[in-house]
Amino acid sequence: MKLAILSTLLATASAFAPGQQGPSITALAATRAGLVGALPPVGFFDPAGFAAKASPEELSRYREVEIMHGRFAQLAVLGFIIPEKCAYDGSFGDDFLAPTGRALEVFNTDPLWLGLTLAVISALETVRLIETEPGTRTDAKIESLGWRPKTESEYINYQVRELQQGRLAMLAFAGEVAQELVNDKPLLVNLQDSGFVSW
């Protein structure tokens, strides 16, 4: 558990570490006022003041990092719910996530598989960082598949939706972890007890 907390803190801190500076060639390069994701009623939301000290290149990098963290958080939310549902149904046997059925139980029951999973994810992320240039890392080589909207206004709306969903996923994942640490019950059991889902 301490390893998980430490790795989360290090990953969060590394998002704000200085990195290579290169030309910003994406639509993310913008001024503070015109940055994609500045939405009413709060406009440009920066309660910690990171943007006030940042150059336009650093601000573009922060947005790039925010998008990538949002994508990872969306996967993490599913990575919490799906194993708990499999444990609830007994899909992988009675001892999967035993004895509590919580997703965080994997730290106690399967540390080898957890370590291997994190190693594979780290290796893939390292390859992605090596193969891309700063300012182009949000592409992840998926925009060339034809998913990118054709007009600039549609693309800006696409970016805003992705930012909003990523921000929500970051908060949701933090809530999932906090909930399981507080009451030691699986997320799906809490959702069922509160009437959000039923099986």
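## The segment after α6

V197 sits in the segment that follows helix α6, which covers residues 187-193. This is a predicted model, so keep that in mind as you look around. How exposed is V197? Its relative accessible area is 27%, so V197 counts as partly exposed.

Which residues does V197 touch, if we skip those up to four places away in sequence? The answer is L188, L191 and Q192.

## Helix α5 and what covers it

Now find α5, which runs over residues 152-183. This helix has 32 residues and spans 46 Å from its first C-alpha to its last. That is close to the 46 Å you'd expect at 1.5 Å a residue.

Quite a list of α5 residues is buried, including Y155, Q159, V160, L163, G166 and A169. Further along the list of buried residues come E176, Q179 and E180. What covers them? The cover includes α2, made of residues 56-89, and also α6.

Here's a handy bit of background: an α-helix has 3.6 residues a turn, so residues three or four places apart point the same way. Try checking the list of buried residues in α5 with that in mind.

## Salt bridges between α2 and α5

How many salt bridges does a search of the whole structure find? It turns up 8. Let's look at some of them.

E66 and R167 meet through their side chains in a salt bridge, at 2.6 Å from N to O. Because E66 belongs to helix α2 and R167 to helix α5, this pair ties together parts that are 101 residues apart in sequence. R167 has 28% relative accessibility, so R167 is partly exposed.

R71 and E162 make another salt bridge, with their closest N and O atoms 2.5 Å apart. Again the pair links distant parts of the chain: R71 is in helix α2 and E162 is in helix α5, 91 residues apart. Are these two buried or exposed? Buried means under 20% relative accessible area. R71 comes in at 19%, so R71 is buried, and E162 is buried too, with 16%.

## Just past the end of α5

The residue that follows α5 is D184, and its phi is positive, near 55 degrees. D184 also forms a salt bridge with R102, where the closest N and O atoms are 3.4 Å apart. This pair joins distant parts of the chain as well: D184 is in the loop between α5 and α6, while R102 is in the loop between α2 and α3 (106-109), and the two are 82 residues apart. R102 is buried, with a relative accessible area of 10%.

Salt bridges that share partners also build a network, and its members are R63, E66 and R167.

## Around helix α4

Helix α4 takes in residues 111-131, and W113 is part of it. Is W113 buried or exposed? With 58% relative accessibility, W113 counts as exposed. The cut-off explains why: exposed means over 50%. W113 also joins L112 and L116 in a nonpolar patch on the surface, and together they have about 370 Å² of accessible area.

Moving on along the chain, T132 lies in the loop between α4 and α5. T132 has a relative accessible area of 11%, so T132 is buried. What does its side chain reach? The side chain of T132 gets to the backbone oxygen of R128, at 2.7 Å.

Note on methods: Residues numbered from 1 in each chain as written. Predicted model: local features only at pLDDT ≥ 70, side-chain atom pairs only at ≥ 80, totals over all residues. Heavy atoms only, no water. Patch = residues over 30% accessible without salt bridge, like charges linked within 9 Å, V, L, I, M, F, W, Y side chains within 5 Å. Areas by Shrake-Rupley, 256 points an atom, 1.4 Å probe, with all protein chains shown as cover. Salt bridge = Lys/Arg side-chain N within 4 Å of Asp/Glu carboxyl O. Helix = DSSP H or I, 4+ residues; strand = E, 2+ residues; numbered from the N terminus. Buried < 20%, exposed > 50% of the residue type's maximum accessible area, 1.4 Å probe, protein only. Polar contact = N/O pair within 3.5 Å; in protein donor to acceptor, adjacent residues only side chain to side chain. Contact = heavy atoms within 4.5 Å. Expected span 1.5 Å × (residues − 1).
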